[in-house]
Amino acid sequence: MQFHLNGFHPGDPRFSDPQDAVVPPPIKRPMPEYVDVLIVGCGPAGLNLAAQLSQFGDIKVAIVDQKDDRLLVGQADGIACRTIEMFQAYGFADQIKQEAYQVSEAAFWKPAEDKPSQIARSGKVQDVADDLSEMPHLIINQARVHDEFLRVMRQAPGKIEPHYQRKLLGLEVDPEGGEYPVTVKLERLVNFSQYTQETETVKAKYVVGCDGARSGVRTAIGKELVGDALNQAWGVMDVLLNTDFPDIRLKSLIHSNNEGNMLIIPREGGYMVRLYIELDKLKDNQRVARDQMTPEVLIAAANRIMQPYTIDVKEVAWWSVYEIGQRITTAFDDSEDGRPARVFLAGDACHTHSPKAGQGLNTSVMDTWNLGWKLAHVLTGLADQEILKTYSAERREYGQALIDFDREFSAMFSAKPKSAENPDGVDPADFQRYFQLFGEYTAGVSIQYRPSIMVSEGAHQALATGLTVGKRFHSAPVVRQGDAKPVQLGHCHTANGAYRVYVFGDSAEPMSAQCGVKALCEYLANDANSPLKAHTPLGADPDSVIDVRAVFQQHHQAVETGTIHPILAPQKGRYGLRDYEKVFCADNRPASSGGGQNIYDMRGIDKERGCIVIVRPDQYVAEVLPLDDYAGLARFFKQVLRTV
């Protein structure tokens with residue numbers, strides 16, 4: 001899509017008249033007195049948590065923010081491949097992909113050898129490695145992501161709308177517990193013209209602070225951000241411009257000789273560009289002199305860095321100045337001395353870092369993507385509170401790894417190029433190699449959670465070498481048996497809080513007497529120890545907690561619909577309608593017809609023995625088991641789910 005040709009306008013670009021994209025102001029209403037979960041902060045972490053909890057109509061959720069309305073122009077813009085995989089679970093990945101700029105290549109520029117005062121291109125690299133993800137790396141206004149989360153919240157069973165104009169005044173946790181142990185006081189600004197204020201009190205079972213680097217929730221539970229700053233200041237601008245710089249529509253990393261460094265990020269719509277511009281180094285304890293910064297100062301700095309090229313800015317859609325610092329909180333929740341957590345922290349309330357590696361929004365939403373379904377399982381009675389301990393354990397380790405990565409990346413990006421006058425500088429070729437080496441990290445797919453009650457030791461990893469225990473489920477193409485449609489297997493994951501159990505068939509004929517998948521289905525349907533029987537609430541759809549799906553290596557036409565076991569074709573809903581979308585086959589079509597990508601080969605599935613792959617609701621592989629390890633299957637779910 002191309003848009004913003006005649007100026008930047010926030011909102012849905014599909015409206016030809018920008019005024020038609022204007023959303024009515026939020027309805028002002030009082031806070032509820034009691035909630036299951038109170039979310040503080042309508043940033044990406046908070047909205048993602050609300051969107052996930054909204055899938056459960058029986059959970060009462062409120063989300064508050066100091067702002068008076070939704071975000072229109074966002075600070076973050078880079079959306080990692082892993083985040084788009086999560087968007088797919090909500091059903092809006094295609095919408096974002098259609099609007100966004102797709103990062104396909106990155107260009108690197110350094111001082112020209114024959115004229116160091118000017119820059120010259122040193123190379124171009126592929127931005128996302130082949131088969132890293134079925135999803136691309138995208139650039140889009142953060143506000144558009146917020147809009148999609150808000151739509152999901154409104155349309156889901158929970159029907160959640162934010163409460164704006166609420167400032168956190170205080171938070172107390174009753175150590176004796178009780179049904180609603182957290183008391184939160186909020187200040188509501190009722191009338192801007194007269195500054196009328198009132199205080200509201202909300203009692204909650206759980207509170208999640210998604211309220212940014214200056215988090216009031218974090219302060220209330222006695223936690224703080226610790227770390228250091230690199231004493232570097234950067235300016236950032238979204239602009240409509242004309243230029244003779246040849247790579248203006250490519251992600252470009254520029255090292256100049258003496259004028260600083262710059263990152264160019266093309267924006268959605270085909271015309272707008274984001275510029276990250278290095279400013280003068282700061283002295284110890286020095287802050288950016290914001291009152292001295294203007295768009296004109298930043299534009300002039302950009303033109304000095306880009307010599308011999310120039311930019312002619314026609315419109316500044318948004319600009320800001322920030323200081324780089326890497327900090328992480330001392331704890332992600334308030335648990336202590338055996339007392340279970342009642343207050344959690346997520347997003348910038350937990351960790352802060354530079355935006356150049358594009359990890360801010362992406363890490364924040366992954367925090368609450370990890371937490372949301374765990375809270376839902378506890379609140380709906382599916383799981384014990386014990387599982388909530390895994391949130392801090394899993395996310396804090398990754399948060400620290402992010403800080404370490406960002407510190408090194410930022411230092412390399414901000415360093416002067418290596419030269420005869422600066423022998424201790426960074427070789428631009430080394431920086432380019434570093435960029436490629438850490439491609440998995442910046443794409444968000446490198447996370448591997450350690451063994452816990454929710455992640456196994458991986459004793460049977462050899463059965464599926466490409467679906468690593470503790471890492472996100474790596475999707476691959478398959479053909480859906482019922483309608484012969486080519487699909488991505490990972491797109492079975494929706495944000496409904498269910499575990500997925502993928503059963504990869506062995507070499508036997510599908511659904512024959514020798515078929516391991518059929519034998520497993522018999523166990524799941526009839527054995528007293530079946531996890532489906534043990535953990536699915538009475539009256540719930542049979543796949544609402546544990547969703548079993550099968551993948552066969554044979555051609556989809558070799559599997560007859562009439563032979564499929566009822567476990568793989570459950571009757572659901574009000575009318576008991578049969579689900580025809582749980583059986584898949586490897587894509588055995590010829591390459592000339594769009595096939596040729598066999599999931600067994602791509603993900604290292606043992607073709608002779610097959611296997612079971614258990615995937616958590618947040619799309620992370622929890623266990624790989626032999627097809628006939630019924631005891632192991634039952635044991636895993638007994639650890640993480642209550643028996644009904």
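In which helix is Q142 found? I began with this residue and located Q142 in helix α4. I note at the outset that the model is predicted.

**Entry 1: Q142**

I looked up whether Q142 is buried or exposed. Its relative accessible area is 7%. Buried means under 20% relative accessible area, so Q142 is buried. I then listed its contacts, leaving out residues up to four places away in sequence. Q142 touches P44, L71, G74, Q75, A76 and L361.

**Entry 2: helices α1 and α4**

P44 led me to helix α1, which covers residues 44-53. Helix α4 covers residues 142-155. I found that α1 and α4 pack at an angle of about 20°, with 8 Å between their axes. Angles under 35 degrees count as roughly parallel, and α1 is therefore roughly parallel to α4. Their crossing is left-handed.

Which residues make the contact? From α1 I recorded P44, L47, N48, A50 and A51. From α4 I recorded Q142, H146, F149, L150, V152 and M153. Sorted by class, this contact of α1 with α4 has eight nonpolar residues, three polar ones and no charged ones.

**Entry 3: helices α1 and α7**

I next examined α1 against helix α7, which covers residues 360-379. This pair packs at an angle of about 30°, and the axes are 8 Å apart. That angle makes α1 roughly parallel to α7. The crossing of α1 and α7 is right-handed, whereas that of α1 and α4 is left-handed.

On the α1 side I noted P44, A45, N48, L49, Q52 and L53. On the α7 side they meet L361, S364, V365, T368, W369, G372, W373, L375 and A376. By class, the contact of α1 with α7 has ten nonpolar, five polar and no charged residues. I observe in my lists that P44 and N48 of α1 appear in the contact with α7 and also in the contact with α4.

**Entry 4: aromatic pairs**

How many aromatic pairs does the structure hold? I recorded 21 aromatic pairs. In one of them, the rings of W109 and F245 have centres 4.8 Å apart and planes at 45°, so this pair is tilted. W109 lies in strand β5 (residues 105-111), and F245 in the loop between β11 (225-243) and β12 (251-255). The pair thus links distant parts of the chain, 136 residues apart. W109 counts as buried at 3% relative accessibility, and F245 counts as buried at 2%.

I then turned to Y499 and F636, whose pair is edge-to-face, with 6.1 Å from centre to centre and 80° between the planes. Because Y499 lies in strand β20 and F636 in helix α14, the pair ties together parts that are 137 residues apart in sequence. Both Y499 and F636 are buried.

I also found a cluster in which ring pairs link F87, Y90, F92, F149 and W369. Of these, F149 belongs to the α4 side of the contact with α1, and W369 to the α7 side.

**Entry 5: helix α14**

F636 brought me to helix α14, residues 630-640. Which residues of this helix are buried? My list includes G632, L633, A634, F636, F637 and V640. Among the elements that cover these buried residues are strand β20 (499-504) and helices α11 (516-526) and α12 (531-535). The cover also includes strands β21 (546-552), β25 (611-615) and β26 (621-625).

Definitions and conventions. Residues are numbered from 1 along each chain as its sequence is written. This is a predicted model: local features need pLDDT of at least 70, side-chain atom pairs count only at pLDDT 80 or more; totals for chains, interfaces and linings use all residues. Side-chain values use heavy atoms; hydrogens and water are left out. Axes are lines fitted to C-alpha atoms, for helices over the stretch in contact, and angles run from 0 to 180 degrees between N-to-C directions. Helices (H or I, at least four residues) and strands (E, at least two) are DSSP runs, numbered from the N terminus. Angles under 35 degrees count as roughly parallel, over 145 as roughly antiparallel, 65 to 115 as roughly perpendicular and the rest as oblique. A crossing is left-handed if the near helix is turned anticlockwise from the far one by less than a right angle, and right-handed if clockwise. Contact means heavy atoms within 4.5 Å. Ala, Val, Leu, Ile, Met, Phe, Trp, Tyr, Cys and Pro count as nonpolar, Asp, Glu, Lys and Arg as charged, and the others, Gly among them, as polar. Buried means under 20% relative accessible area, exposed over 50%, partly exposed in between (1.4 Å probe, protein chains only). Rings of Phe, Tyr and Trp (its six-membered ring) pair if their centres lie within 6.5 Å; planes under 30 degrees apart count as stacked, over 60 as edge-to-face and the rest as tilted.
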